[in-house]
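Please open the model in a viewer and keep a selection panel at hand. The tour below proceeds from one selection to the next and describes what is found at each stop.

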Amino acid sequence: MSEIEHILSDRENQYGSAPRNFAQVGRGWGAILGIDDIPAWKVALMMDFFKTIRCSVNPAHEDSWIDKQGYTQHGHEIAMTDEP
């Protein structure tokens with residue numbers, strides 16, 4: 001198991017299914033913004049961009065790079081199984 005797979009497995013044990021979690025976030029963000037639910041794959045993309053900004057501010061902070069990989073992997077998996 002790669003480092004990122006280990007981290008994603010650990011996070012799933014802590015927080016539950018990423019697709020379900022991202023869908024819940026998308027529902028909440030949509031409600032806050034007064035728009036339709038944001039699809040789970042877009043939530044992953046938005047979180048990836050959040051980590052991109054953190055990496056640009058502090059490129060030596062390894063945890064942000066690892067988190068960015070995780071969001072990218074989850075977004076890809078969700079997009080390949082859901083209708084974007």
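Begin with the lining of the largest pocket, to which helix 1, helix 2, helix 3 and helix 4 each supply at least two residues. The model is a predicted one. The pocket holds about 430 Å³ of space, and 24 residues line it. To centre the view, select Arg 11, Tyr 15, Phe 22, Tyr 71 and His 74, the lining residues that lie nearest the centre of the pocket. Colouring the lining by class gives 14 nonpolar, five polar and five charged residues.

**First stop: the aromatic pair**

Keep Phe 22 and Tyr 71 selected, since both are among the residues nearest the pocket centre. A search of the whole structure returns one aromatic pair. Its members are Phe 22 and Tyr 71, with ring centres 6.1 Å apart and planes at 35°, so the pair counts as tilted. The contact links distant parts of the chain: Phe 22 belongs to helix 2 (residues 18–33) and Tyr 71 to helix 4, with their positions 49 residues apart in sequence. Is Phe 22 buried or exposed? Its relative accessibility is 7%, and Phe 22 therefore counts as buried.

**Second stop: the salt bridges**

Next, return to Arg 11, another residue close to the pocket centre according to the list of those nearest it. How many salt bridges does a search of the whole structure find? The search finds three. Select Arg 11 together with Asp 67: these two form a salt bridge whose closest N and O atoms are 3.2 Å apart. Arg 11 lies in helix 1 (residues 3–15) and Asp 67 in helix 4 (residues 62–81), so this pair ties together parts that are 56 residues apart in sequence. The two partners fall into separate accessibility classes: Arg 11 is partly exposed at 34% relative accessibility, whereas Asp 67 is buried at 12%.

Hold Asp 67 and add Lys 51 to the selection. Asp 67 also forms a salt bridge with Lys 51, and here the closest N and O atoms are 3.0 Å apart. Because Asp 67 lies in helix 4 and Lys 51 in helix 3, the pair ties together parts that are 16 residues apart in sequence. Lys 51 is buried, with a relative accessible area of 7%. With Arg 11, Lys 51 and Asp 67 displayed at once, the view shows a network of linked salt bridges.

Now select Asp 48 and Lys 68. They form a salt bridge as well, with the closest N and O atoms 2.9 Å apart. Asp 48 is in helix 3 (residues 40–57) and Lys 68 in helix 4, so the pair ties together parts that are 20 residues apart in sequence. Both Asp 48 and Lys 68 are buried.

Before leaving helix 4, draw a distance from Asp 67 to Asp 82. These residues are 15 apart in sequence, and their C-alpha atoms are 22 Å apart in space.

**Third stop: the largest nonpolar core**

Clear the view and select Ala 18, Phe 22, Ile 38, Ala 40, Val 43, Ala 44, Met 47 and Ile 78, the eight residues of the largest nonpolar core. Which elements give two or more residues to this core? They are helix 2 and helix 3. Helix 3 contributes the largest share, four residues. Phe 22 thus appears in this core and also in the aromatic pair visited earlier.

Focus next on Ile 38, which is placed in the loop between helix 2 and helix 3. Ile 38 is buried, its relative accessible area being 10%. A distance drawn from Ile 38 to Ala 18, C-alpha to C-alpha, spans 15 Å, for a separation of 20 residues in sequence. Both of these residues are members of the largest nonpolar core.

**Last stop: an isoleucine in helix 2**

Finally, select Ile 32, found in helix 2. Is Ile 32 buried or exposed? At 71% relative accessibility, Ile 32 counts as exposed, whereas Ile 38 is buried at 10%. To finish, draw the distance from Ile 32 to Thr 52: the two are 20 residues apart in sequence and 23 Å apart in space, C-alpha to C-alpha.

Methods
Residues are numbered from 1 along each chain as its sequence is written. This is a predicted model: local features need pLDDT of at least 70, side-chain atom pairs count only at pLDDT 80 or more; totals for chains, interfaces and linings use all residues. Side-chain values use heavy atoms; hydrogens and water are left out. A salt bridge is a side-chain nitrogen of Lys or Arg within 4 Å of a carboxyl oxygen of Asp or Glu. Buried means under 20% relative accessible area, exposed over 50%, partly exposed in between (1.4 Å probe, protein chains only). Rings of Phe, Tyr and Trp (its six-membered ring) pair if their centres lie within 6.5 Å; planes under 30 degrees apart count as stacked, over 60 as edge-to-face and the rest as tilted. On a 1 Å grid over the protein atoms alone, a cavity is a set of points where a 1.4 Å probe fits but cannot get out, and a pocket is an open set with protein on both sides within 12 Å along at least five of seven lines; lining residues have an atom within 4 Å of a point. Grid points are joined across faces, edges and corners, and a volume is the space filled by probe spheres set on the points. Ala, Val, Leu, Ile, Met, Phe, Trp, Tyr, Cys and Pro count as nonpolar, Asp, Glu, Lys and Arg as charged, and the others, Gly among them, as polar. A nonpolar core is a set of buried Ala, Val, Leu, Ile, Met, Phe, Trp, Tyr and Cys residues joined through side-chain atoms within 4.5 Å.
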